[in-house]
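Let us walk through this structure step by step, with the sequence and the model side by side.

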Amino acid sequence: MPPSDQITASPAAEPVVLEFADNRLLIDLCGAYDAHLAAIEKALSVQIIRRGNHLSILGEIESQQQAEAALNTLYARLESGRKVTPAEVESLLRMERPKSGTRPQVGGQLEMPVGDTLEIQTRKKRVEPRTDAQKAYVKALFDDELTFGIGPAGTGKTYLAVAVGINMFIGGHVDKIILSRPAVEAGEKLGYLPGDMKDKVDPYMQPLYDALNDFLPGKQLAKLIEEKRIEIAPLAFMRGRTLSNAFVVLDEAQNATSMQMKMFLTRLGKGSRMVITGDRTQIDLPRGVPSGLADAERLLNKIPKISFNYFTSKDVVRHPLVAAIIEAYEADSSAS
């Protein structure tokens, strides 16, 4: 049998034993069929053994410390009355998940603040930003009159913006919500779709409807849309308007031209908040047409009360595979 130092190059470590006083919370911490523990084991290369109200962590010292921090953070979340879902576990671990061939890092961003957590209350649910970038973004949405959210798909840019808009609307801070997107395939292709103009543009607006349906009861949403207190319209429909006392979101802004972006930004009226979201890697404009989002970044980044917030694959809150896909494309782009 080979010597023990040939089995592993890592320092030997005694098991780390954690004790949790509330067995009901411990059940939620472990997850259905210990799914949460399995996720931590896989991400940090440790083994977690559950005996009664104790969890023993086996593995390298650095990995043990990382797993201990994760478990304590999630348990504190449960003690504060919040739920722990697989998505929360995945998001927490992804903040400091080591890349292939590297050892886990101790400390760092492996934190999920509990006492001062930002929350967005809507009619149907309470929304909580999960990553540091999302928390900074939500704070900016409340603090600044014009906010940019720039980053890859699935990072919650539009979802959080709409949630904050609903929160401000039901709190009486704004009189209406206006959601807009560029219909980059406008013109001939729209003409081939059946129905009137609303029927033609609604497919482009569907992600905005989906977000609203997550935050408002169906009947209330339908009534607010009918009363035009919530508007969903293509970017071209914004021309000539002054948007006062409104929460205004421009989604997919990378597909706005420079002239369209200038037109939209200058619609801002008194008492309004404006949010611009976009992904610089998904520009669908014709070749040679510059993106208005890039121009806005270049021209406006030093103006007070305009906030620019950036997201990476670490902030993806969709399926974990989405983060892996984004990272693969980013790696390929940087290599070429």
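How many aromatic pairs does a search of the whole structure find? In this model, which is a predicted one, the search of the whole structure finds four such pairs. A pair of aromatic rings is described by the distance of the centres and the angle of the planes. For tyrosine 137 and phenylalanine 311, the ring centres lie 5.2 Å apart and the planes stand at 85 degrees, so this pair is classed as edge-to-face. The two partners come from distant parts of the chain, 174 residues apart: tyrosine 137 belongs to helix α6 (residues 132-143), whereas phenylalanine 311 sits in the loop between β11 (306-310) and α13 (320-335).

Strand β11, which comes just before that loop, leads us to a sheet. Six strands form this open sheet, in the order β8-β7-β9-β10-β6-β11, and their pairing is parallel. At its edges stand β8 (230-234) and β11, each of which has a single partner strand, so one side of each is left without a neighbour in the sheet. From one strand to the next, the twist averages 15 degrees. Looking at one end of the order, we find that strand β7 (residues 176-181) pairs with β8 in the parallel sense over five bridges, and that leucine 179 stands opposite isoleucine 232 in β8.

Another open sheet is formed by three strands in the order β1-β3-β2, and here the pairing is antiparallel. The edge positions are taken by β1 (16-19) and β2 (47-51), and because each has a single partner strand, one side of each is left without a neighbour in the sheet. Neighbouring strands of this sheet are turned by 20 degrees against each other on average, if direction is ignored. Five bridges join β2 to strand β3 (residues 54-58) in the antiparallel sense, and isoleucine 48 stands opposite isoleucine 57 in β3. Helix α4 (residues 61-79) packs on this sheet, where it touches β1, β2 and β3, and its direction makes about 150 degrees with that of β3.

We turn last to the empty space in the model. The largest pocket has a volume of about 900 Å³, and of the 35 residues that line this pocket, Thr155, Gly156, Tyr159, Leu160 and Val317 are the closest to its centre. At least two lining residues are supplied by each of β5 (126-127), α7 (157-170), α9 (197-215) and β10 (273-278), and α7 gives the most, with four residues. Sorted by class, the lining of the largest pocket consists of 15 charged, eleven polar and nine nonpolar residues. Strand β10 thus appears twice in our walk, as a member of the six-stranded parallel sheet and as a contributor to the lining of the largest pocket.

Terms used. Residues numbered from 1 in each chain as written. Predicted model: local features only at pLDDT ≥ 70, side-chain atom pairs only at ≥ 80, totals over all residues. Heavy atoms only, no water. 1 Å grid on protein atoms, 1.4 Å probe; cavity = no way out; pocket = protein on both sides within 12 Å on 5 of 7 lines; lining within 4 Å. Points joined across faces, edges and corners; volume = space filled by probe spheres on them. Nonpolar A, V, L, I, M, F, W, Y, C, P; charged D, E, K, R; others polar. Pairing = 2+ DSSP bridges. Axes fitted to C-alpha atoms, helices over the stretch in contact; angles between N-to-C directions. Contact = heavy atoms within 4.5 Å. Phe/Tyr/Trp six-rings, centres within 6.5 Å; stacked < 30°, edge-to-face > 60°.
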